[in-house]
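Colleague: Got a minute to go through this one with me? I'd like to hear how you read it, question by question.

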Amino acid sequence: MLPQGAAKSTYGSVVFPTWYMGNNAGSEIILTGYGDSITKKHGKRARQICASNSYRAVFGFNVNPETRAADNWEASNKSSYKSAGILSGITGFRTDLLVWDDITKGRKEADSVTIREDTWNAYIDDARSRKKPNASELGIGTRWHEDETMGRILPEGYAGESGYMQCRDGNVWYVLCMPAE
């Protein structure tokens, strides 16, 4: 949890997944966010990294030339990157790394009980259910409301601290919170 413009998406949705793919051959990554357009943008940027000469020099492979889509592509080490908006449905795929980035678009959506419920249900039923056993999960976002997805996961009485913590979803998360000043 960092303020807007702090490069959360660049590091968490673009750079980290490409590193993960480079170190985990055959891994499947799913990225979801508030809409298809933003997740497709991140997918395109990640694909460009994997297609670069620098990436090949470090990891020894590039993007599989038979896959061209920005939102559904593979690397030549059999790793894959799929992205879609949280409410558009990401069923039909499995994942070793689930990344959700700004699944609440902004204040207006966060203030809507209906959108918060729809987003939470899509996260639990569509996104989280795609995880393979022992899969990792990275959640990125700005806190817009105490009852949005991050607020429902964080422990009762959460007061903005960082570190490992047992959360209400039953998992231990490493939380990094850098409040805006």
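Modeller: Sure, and let's fix a term before we start: a salt bridge here is a side-chain nitrogen of Lys or Arg within 4 Å of a carboxyl oxygen of Asp or Glu. Keep in mind that this is a predicted model.

Colleague: Okay, then what is the N to O distance in the salt bridge of E117 and R152?

Modeller: The cut-off is 4 Å between nitrogen and carboxyl oxygen. The side chains of E117 and R152 do meet in a salt bridge, and their N to O distance is 2.6 Å.

Colleague: And how many residues apart in sequence are the parts that this pair ties together?

Modeller: Look at where the two partners sit. E117 lies in helix 5 and R152 in helix 6, so the pair ties together parts whose separation in sequence is 35 residues.

Colleague: Is R152 buried or exposed?

Modeller: Buried means under 20% relative accessible area. R152 has a relative accessible area of 15%, so we call R152 buried.

Colleague: What about E117, which class does that one fall in?

Modeller: The class between buried and exposed runs from 20% to 50% relative accessible area. E117 comes out at 33%, so E117 is partly exposed.

Colleague: Which side chain does D147 meet in a salt bridge?

Modeller: D147 is in the loop between strand 5 (131-140) and helix 6 (149-153), and its partner is in helix 5 (residues 113-127), 31 residues apart. D147 itself is partly exposed, at 28% relative accessible area, while the partner counts as buried at 10%. The bridge spans 3.3 Å, N to O, and the partner is R116.

Colleague: Which residues end up in one network through shared salt-bridge partners?

Modeller: We've already met two of the pairs, D147 with R116 and E117 with R152. Salt bridges that share partners join them into one network, made of R116, E117, D147 and R152.

Colleague: How many salt bridges does the structure hold?

Modeller: Another one is E137 with R128, at 3.5 Å from N to O. Both ends of that pair are buried, E137 with a relative accessible area of 17% and R128 with 16%. For the structure, the count of salt bridges is 11.

Colleague: Switching to helices, how is helix 1 set against helix 2: roughly parallel or oblique?

Modeller: The axes of helix 1 (residues 8-23) and helix 2 (residues 36-51) come within 9 Å and cross at roughly 40°. Angles under 35 degrees would count as roughly parallel, and 65 to 115 as roughly perpendicular. The angle here falls in neither range, so helix 1 against helix 2 is oblique.

Colleague: And is that crossing left-handed or right-handed?

Modeller: It's the handedness of helix 1 passing helix 2 that we want here. That crossing is right-handed.

Colleague: Which residues form the nonpolar patch on the surface?

Modeller: Patch residues need over 30% relative accessible area. L176, in the segment after strand 7 (172-175), has 43% and is partly exposed. Together the patch has about 590 Å² of accessible area, and its members are Y164, V172, Y174, L176 and M178.

Colleague: Last one: what is the phi of K78?

Modeller: K78 is found in the loop between strand 2 (72-74) and strand 3 (80-85), and at 59% relative accessibility K78 counts as exposed. D102, in the loop between strand 4 (95-101) and helix 4 (107-111), has a positive phi of about 50° although not a glycine. K78 is also a residue other than glycine with a positive value, and its phi is near 75°.

How values were computed:
Residues are numbered from 1 along each chain as its sequence is written. This is a predicted model: local features need pLDDT of at least 70, side-chain atom pairs count only at pLDDT 80 or more; totals for chains, interfaces and linings use all residues. Side-chain values use heavy atoms; hydrogens and water are left out. Patches are made of residues with over 30% relative accessible area and no salt bridge: like charges are joined within 9 Å, nonpolar side chains (Val, Leu, Ile, Met, Phe, Trp, Tyr) within 5 Å. Accessible areas come from the Shrake-Rupley method with a 1.4 Å probe; for residues, only the protein chains shown count as cover. Helices (H or I, at least four residues) and strands (E, at least two) are DSSP runs, numbered from the N terminus. Buried means under 20% relative accessible area, exposed over 50%, partly exposed in between (1.4 Å probe, protein chains only). Axes are lines fitted to C-alpha atoms, for helices over the stretch in contact, and angles run from 0 to 180 degrees between N-to-C directions. Angles under 35 degrees count as roughly parallel, over 145 as roughly antiparallel, 65 to 115 as roughly perpendicular and the rest as oblique. A crossing is left-handed if the near helix is turned anticlockwise from the far one by less than a right angle, and right-handed if clockwise.
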